[in-house]
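Colleague: I should be grateful for a close look at the annotated active site in this assembly, followed by an account of how the chain that carries the site meets its partners.

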Amino acid sequence: MLGMSLREAAAALRCGQLNPIELYQKCLSLIKETRFLNAYINVAEDVALRQATEAEKRFRQGKPLGELDGIPVAVKDNFSTANIETTCASQMLKGYIPPYNATVVQKLLDQGAVLMGKTNLDEFGMGSGSTDSIFGPVKNPWSYSKQYREKNSGSRTIADDDSDWVIAGGSSGGSAVAVSSGTCFVALGSDTGGSTRNPASHCGVVGLKPTYGLVSRHGLIPLVNSMDVPGILARCVDDVATVLGVLAGHDPLDSTTIQDPFQTFTLPDDIDVTNLCVGIPKEYHAPGLSTETLSLWSRTADLLEDAGAKVVEVSLPHTRYSIVCYHVLCTAEVASNMARFDGLEYGHRANVEDSTEAMYSATRREGFNDVVRGRILSGNFFLLKQNYEKYFLKAQKVRRLIADDFVKVFKSGVDVLLTPTTLGDAAPYEDFIQEDNRTRSAQEDVFTQCANMAGVPAITVPAGLSSRGLPLGLQFIGQAFREQQLLSVAKWFEKQMNFCPLDFYKHLENRDICQRKSNIASLL
Amino acid sequence: MWVQKTIAKCWRTAGFTRFLSSQSKVPQNPTWRIEPETEAQDSHVTPELIDHLERLALVDFRNQEGVQRLQSAVNFANQLHHVNTDGIEPLDSVLEDRALYIRGDEVTSGNCSEILLQKAKSVVEDYFVAPPGNIPLPQKENEYLSTKGEDI
Amino acid sequence: MLQVSCGGCALLLGPSVRSSQLCYVGRGWRTASTACKHARDTGSLPWEGVVGLEVHAQINSASKLFSSSQVKFAAPPNSTVSFFDASLPGTLPTLNKRCIEAAVMTGLALNCAINKKSLFDRKHYFYADLPAGYQITQQRLPIAVNGLLTYRYPTGKKWSDMVTKCVRIKQIQLEQDSGKSLHDDFMRQTLIDLNRAEGQLRVDANISVHHPGEPYGVRTEVKNINSARFLARAIDYEIKRQTDILNNGGIVQNETRAFDYKLGATIPMRDKEGKQDYRFMPEPNLPPLILYDSKTLPRNIDAGQVINIDLIKEMLPELPNITRERLVEEYGILPEHSFVLVNEDGLKEYFEAVVKMTTADPKKIIGWVIKNLLGYLRQENLTIKQSLITPSALAELVTLLENKVISSSAAQQVFQELCKGGNKTPTLIVKEKKLGLLDSEQLEGICQKIVDEHDEEVAAIRKGNLKVMNKLIGLVQKASKGRTDPALAKTILEKKLQL
């Protein structure tokens, strides 16, 4: 099962090779075994069992709900889940139980999905390592992979005492780890500046950030409303396409979802790239790009060319300012979005009764970590009357230039862009925390936040392993609302790479699931 | 090497023959440099400014770190001023050309005060309860404003 | 100056908008007589008050501006609160079509330019009844701008002493309402109700004084005035207060004040306004609001998603100033009467219904409607709709009078009878009470009797003192219990006296 795709599991459920309760139990025991990765904040053991039992009943009656019926999924803990605690990994929302489901969560449940639990993240999604959570950092399962251990066994840096693990990426690190380690088939992340793609890349899974406006944000606790989108993490591009089909479409509760009906699609197995024009934005060779990633990127460009695609160098001239622009707009919206957390209606409330303002202030001091408070402070600075034009409005103007860069390139005949997802592979935790959160985010999000600024879709696909045995991903950026084309290219690339999934170096009890997977696969 | 056996295989099957992408469309050197962050003269963060912001935003640091953190954020943002934006309209929303969804005037929510009040830490009858209002925050001890100060 | 914010959405004339709310901004002038007098006394230039109003009016809609919870007055606390209204994390605003239409209609009624594209902004401040920490409003690009409201204003005691005035409307904006705070000083706590439907017109007034021709003075803002009377008193008070300060060489502080209606004075509000900065920001969850007219209307678009300004224009009712002009022209009534007809809800319709049902001159009808009917309603504390006298009954009464079936004094008696209720028609009342005019034969008898009994008066008349004739007519009227046509009585009397 570890490594089995959603599609394979769904087929196995349908032909009776698997039953939902069994699948649930396997995932649950794997979650427990991999507890040390800290991927889950809250495992919804009982609710999930009930859901699996109901799915089982439906299968017995021959009336499964949809493609996701009986499929274990996980959801980032910044999506509201009815009757399940939703914390955003913050003291502020510890104990907060939403009375409603986010639209995307509801859509998964309507399809019969089994919600295994809520995954860990940087507090309120502010970070790129999944290291800034009140529940502790998420560990990248590749730290415990055969591949990583074997590569580094001769090195003195690898110890057996669990001190040398690498970060999962973020902020949807928990979701990426949940998928990568096999505890669920698909997970929801959110993507504001790369928060889905970055951890997907570091954990060796596929991560899609859909076009802004395609998937509802209702119930997603916002970071930056004008850039947030629910992200999809899965083991393969086909699975991402399946889940996108479930999630996409207008939601009357989110005025920013477009009203055009979404046409679901399945991707053919034979994909022809000969008529494809792939742009290589030269600015994405940014300072700090690892030679391995560069090499991988170059080779992929060659590979596409060799397969008959037209590969052209293009320019997105404002790329280098994008991360700065993102920084200003993000903190400004954060300052605004975080204003509702005051302890009055829900969430943490400080034990201060001197005055409303004193209570608010103490609540916010106790409830938010330094990173969140720092961004609130910066954001308020940029929104001050005397700074609004100089910083906020200026950033909005630069944002238009960045968005226009994409429009121009796509107008020139380019279908998709090929870029690195991150500068390099995942950093060891001890190294990562040497830099402050903002500096780290600027480095980690450098290739990903541009797509959020422009609202266009982007997907990261695992492409290979670094010399340290850690996953590296490449990113394809597509045109707005052209997910089908984007995912087709991604699937083609995925097939060429044949990325070998994570293999834990220690003997985990559930290894037998891997074996079963090959049995089932042979049935398909 | 980064190349895994499986991947190496697929390079070959794709007819990969180039040597290290000498003709690659991917530029082999960085196309830009990170400029050192400099503090613009008119964007110096003072302790008084921090105090003002902390009162507006109701968050506080009460230490020198807050000043430094904000100064660094502002310095970073100042790079924006290298971009010429003359004649460029600000972009609020990537959906600016799409019509806003409009809701019909129908009542479909509400009547859930019990559920909502359950989420609150303090309620009286059917009201949320706040401490007394219209009382400004007390002036804080000014020590940190002048010197390094320590986290309180 | 006048600013209208439509939270609920309402206008000058309608209810106020807060949970969805309209906000009008306009600017006008008010010269306080006290201030001018003071200025003359000191021999300096006169001071002139400058006043800007921000009027908050509730839109009459079923659901709120940005959420689908109910707008209901006096609902139990927090009962009409949705998850969005409570600012639960992850909830998003959705814009109510009815509120957009109300705002557009208001804009058209106030002669505003309607913006085909308008934007929403967040205004940030912390207050216990503002759960999101910001209010969604329209600051940069509101739905309507640059309007003008013309009105007539009585300058003296007489109705005819009227001047025409204009108030400029700066903008009309859709604005979310805040909740309600109940401060319990005894328990040292504030109770919060997020229902947001006060239904009350609420006005903030910005007031300054200056010498005409010079730059405006420092202004103060008087917040949360909830009646027109208090508004006038607050403005007069502020102008006098500021004038006194300036005449004594003082400086007016830029501050927020409240009007204490018991003291009849404005008092400074404890606040942090001095350092307030609302940190406006575009509302990212609401893309631009686009309005269409018949020319720009796109095809193949869901009708529920379209606001057509031209269609709203067609639905616009006749506006008060147009109605007044029409009433004066069509019915020949006095302008002051047209004000009464328009200002009293339903009175114009009542009047026009009566006019339709009788051939009597509207100029005669207006007195019955404004004096008799309204007098009766006021006395009984009734609305027009609750009137026991229907338009058809009044029309019948007026017709009886017009056709000389009854005298005007008998008509008054019939009217009193109608006021008592019951289902009797005026004709039936006249018959039962025998209030109909006497015929000439009956009248001849009465007149003969009066002439016979009043030798002195008859002699006086014969000597040429014709004024005394009226006394005789009055006596005839009295003797006939008001059932006399005075003209006919006069003719008969003249004949009898051989004049």
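Modeller: For "active site", an unreviewed UniProt entry lists Lys76(A), Ser171(A) and Ser195(A). These residues span 120 residues in sequence, yet no two of their C-alpha atoms are more than 10.9 Å apart, so they gather at one spot. The model is a predicted one, and the annotation comes from the record.

Lys76(A) may be taken first. Lys76(A) lies in strand 2 of chain A, which covers residues 72-76. Lys76(A) has 32 C-beta neighbours inside 10 Å; the threshold for a buried residue is 20 or more, and Lys76(A) therefore counts as buried. Leaving out residues up to four places away in sequence, Lys76(A) touches Thr119(A), Leu121(A), Ser172(A), Gly174(A), Ser175(A), Leu188(A), Gly189(A) and Ser190(A).

Ser195(A) is placed in a loop of chain A, between strand 4 (186-191) and helix 7 (197-203). Ser195(A) is likewise buried, because 39 other C-beta atoms lie within 10 Å. Neighbours within four places in sequence aside, the contacts of Ser195(A) are Gly125(A), Gly170(A), Ser171(A), Ser172(A), Gly189(A), Ser190(A) and Gly231(A). Ser171(A), itself in the UniProt list, is thus one of the residues that Ser195(A) contacts. Ser172(A), Gly189(A) and Ser190(A) appear among the contacts of Lys76(A) and also among those of Ser195(A).

From the site one may turn to the partners of chain A. The contact between chain A and chain B takes 88 residues from chain A and 65 residues from chain B. On the side of chain A that touches chain B, the elements that each supply at least two residues include helix 9 (291-306), strand 8 (310-314), helix 10 and helix 13 (388-411). By class, that side of chain A divides into 42 nonpolar, 25 polar and 21 charged residues.

Helix 10 of chain A (residues 319-337) packs with helix 3 of chain B (residues 64-77) at an angle of about 130°, their axes being 9 Å apart. The two helices are therefore oblique to each other. Helix 10 of chain A contributes Val324(A), His327(A), Val328(A) and Thr331(A), while helix 3 of chain B contributes Ala73(B), Phe76(B) and Ala77(B). This helix contact has 5 nonpolar, 2 polar and no charged residues.

Chain C also meets chain A: 27 residues of chain C are in contact with 33 residues of chain A. On the chain C side, strand 7 (121-124) and strand 12 (189-193) are the elements that give two or more residues. That side has 17 nonpolar, 7 polar and 3 charged residues.

Strand 7 of chain C belongs to an open sheet of 3 strands, with the order 8-7-17 and antiparallel pairing. Strand 8 (134-137) and strand 17 (281-282) of chain C are the edge strands, each pairing on one side only. Strand 7 and strand 8 of chain C pair in the antiparallel sense over 4 bridges, and Lys123(C) has Gln135(C) in strand 8 as its bridge partner.

Key. Residues are numbered from 1 along each chain as its sequence is written. Chains are lettered from A and ligands numbered from 1 in the order in which they are written. This is a predicted model: local features need pLDDT of at least 70, side-chain atom pairs count only at pLDDT 80 or more; totals for chains, interfaces and linings use all residues. Axes are lines fitted to C-alpha atoms, for helices over the stretch in contact, and angles run from 0 to 180 degrees between N-to-C directions. Angles under 35 degrees count as roughly parallel, over 145 as roughly antiparallel, 65 to 115 as roughly perpendicular and the rest as oblique. Two residues are in contact if their C-beta atoms, placed from the backbone, lie within 7 Å. Ala, Val, Leu, Ile, Met, Phe, Trp, Tyr, Cys and Pro count as nonpolar, Asp, Glu, Lys and Arg as charged, and the others, Gly among them, as polar. Two strands pair if DSSP finds at least two bridges between them. UniProt positions are given in the numbering used here, feature names are shortened, and annotations may be inferred rather than shown by experiment. A residue is buried if 20 or more other C-beta atoms lie within 10 Å of its own, exposed if 12 or fewer, and partly exposed in between; C-beta atoms are placed from the backbone.
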